[in-house]
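Dear colleague,

I am handing over the structure we discussed, with a summary of what was found in it. Please read the notes below alongside the sequence and the model.

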Amino acid sequence: MQVFKRHVFVCINRRPARHRRGDCETKGGSDVHRELKNAVARAGLQFEIRINKAGCLDQCSQGPVMVVYPEGVWYVQVGVDDVDEIVNRHLIGGEVVKRLLMTKTDREL
Ligand code: FES
């Protein structure tokens, strides 16, 4: 059963300052989460497109990180300036925003 047309998880994990792995929250994860929620609500799609906070998604060096299901598309180094493009092109239009795609996992870097 599919509850949402798209389900997005945005990492907002925070670690202690100077932690060797860093975190997404320090790089703006919560700002990205908030802007995504606002943009989806402005489009009137909050019941079709769910924006959730996530803990660490294990790609910390590339944060802020988010993943979109059902496609399983990962975006990295996402900023608030990228939100409108992600919402309009991908979450509404179904087109992946290639310039923000994760091309290597943290283990491959
Ligand atoms: S802290 Fe965001 S992926 Fe690990």
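Let me begin with a hairpin. Strands S3 and S4 run antiparallel and are joined by three bridges. The model is a predicted one, and what follows should be read in that light. Within this pair of strands, Met-66 has Tyr-75 as its bridge partner in S4. Three residues lie between the two strands of the hairpin, in which Gly-72 adopts a positive phi near 70°. The peptide bond that leads from Tyr-69 into Pro-70 is cis, with omega near 20°, and Pro-70 belongs to the loop between S3 and S4, the latter comprising residues 73–75.

S3 also pairs with S1. These two strands run antiparallel and are connected by four bridges. Phe-9 has Val-67 as its bridge partner in S3, and His-7 is matched in S3 with Tyr-69. The two faces of S3 differ in their surroundings: Met-66 and Val-68 make up the covered face, whereas Val-67 and Tyr-69 make up the uncovered one.

Taken together, the four strands form an open sheet of mixed pairing, in the order S2-S1-S3-S4. S2 and S4 stand at the edges with a single partner strand each, so one side of each has no neighbour in the sheet. On average, and with direction ignored, neighbouring strands of the sheet are turned by 20° against each other.

The overall architecture can be stated briefly. The chain contains two helices and four strands, and along the sequence they follow the pattern β-α-β-β-β-α. The radius of gyration is 13 Å, close to the 13 Å that the globule rule gives for 109 residues, so the chain is as compact as a globular protein of that length. Along the principal axes, the C-alpha atoms fill a box of roughly 40 × 30 × 25 Å. Of the 109 residues, 28% count as buried. Among contacts with a separation of 6 or more, 64% are accounted for by residues 24 or more positions apart.

Next, the interior. In soluble globular proteins, nonpolar side chains tend to be buried together. Here the largest nonpolar core has 22 residues, and those with the most contacts inside it are Val-10, Cys-11, Leu-36, Val-40, Met-66 and Val-87. S1, H1, S2, S3 and H2 are the elements that give two or more residues to this core. Which residues is Met-66 in contact with, leaving aside its neighbours within four places in sequence? They are Val-8, Phe-9, Val-10, Cys-11, Val-32, Tyr-75 and Val-78.

Helix H2 deserves a separate remark. Its buried residues include Val-83, Ile-86, Val-87 and Leu-91. These residues lie on the same side of H2, because they cover an arc of only 95° around the axis. S1, H1, S2 and S4 are among the elements that cover the buried residues of H2. Just after this helix, Gly-94 takes a positive phi of about 80°.

Finally, I would draw your attention to some backbone details in the loops. A second cis peptide bond, with omega of about -10°, joins Gly-63 and Pro-64. Pro-64 is placed in the loop between S2 (49–54) and S3 (66–69).

Two residues other than glycine have a positive phi. For Arg-18 the value is about 65°, and this residue lies in the loop that runs between S1 (6–11) and helix H1 (29–42). Is Arg-18 buried or exposed? A residue counts as exposed if 12 or fewer other C-beta atoms lie within 10 Å of its own; Arg-18 has 6 within that distance and is therefore exposed. For Gln-77 phi is near 50°, and the residue is found in the loop between S4 and helix H2 (83–92). Gln-77 has 15 other C-beta atoms within 10 Å, which means that Gln-77 is partly exposed.

When you open the model, Met-66 may serve as a starting point: Met-66 is on the covered face of S3, has its bridge partner Tyr-75 in S4, and is among the residues with the most contacts inside the largest nonpolar core.

With kind regards

Conventions:
Residues are numbered from 1 along each chain as its sequence is written. A residue is buried if 20 or more other C-beta atoms lie within 10 Å of its own, exposed if 12 or fewer, and partly exposed in between; C-beta atoms are placed from the backbone. Two strands pair if DSSP finds at least two bridges between them. A nonpolar core is a set of buried Ala, Val, Leu, Ile, Met, Phe, Trp, Tyr and Cys residues joined through C-beta atoms within 7 Å. Two residues are in contact if their C-beta atoms, placed from the backbone, lie within 7 Å. The arc is that of the directions from the helix axis to the C-beta atoms. Axes are lines fitted to C-alpha atoms, for helices over the stretch in contact, and angles run from 0 to 180 degrees between N-to-C directions. The radius of gyration is taken over C-alpha atoms; the globule rule is 2.2 Å times the number of residues to the power 0.38.
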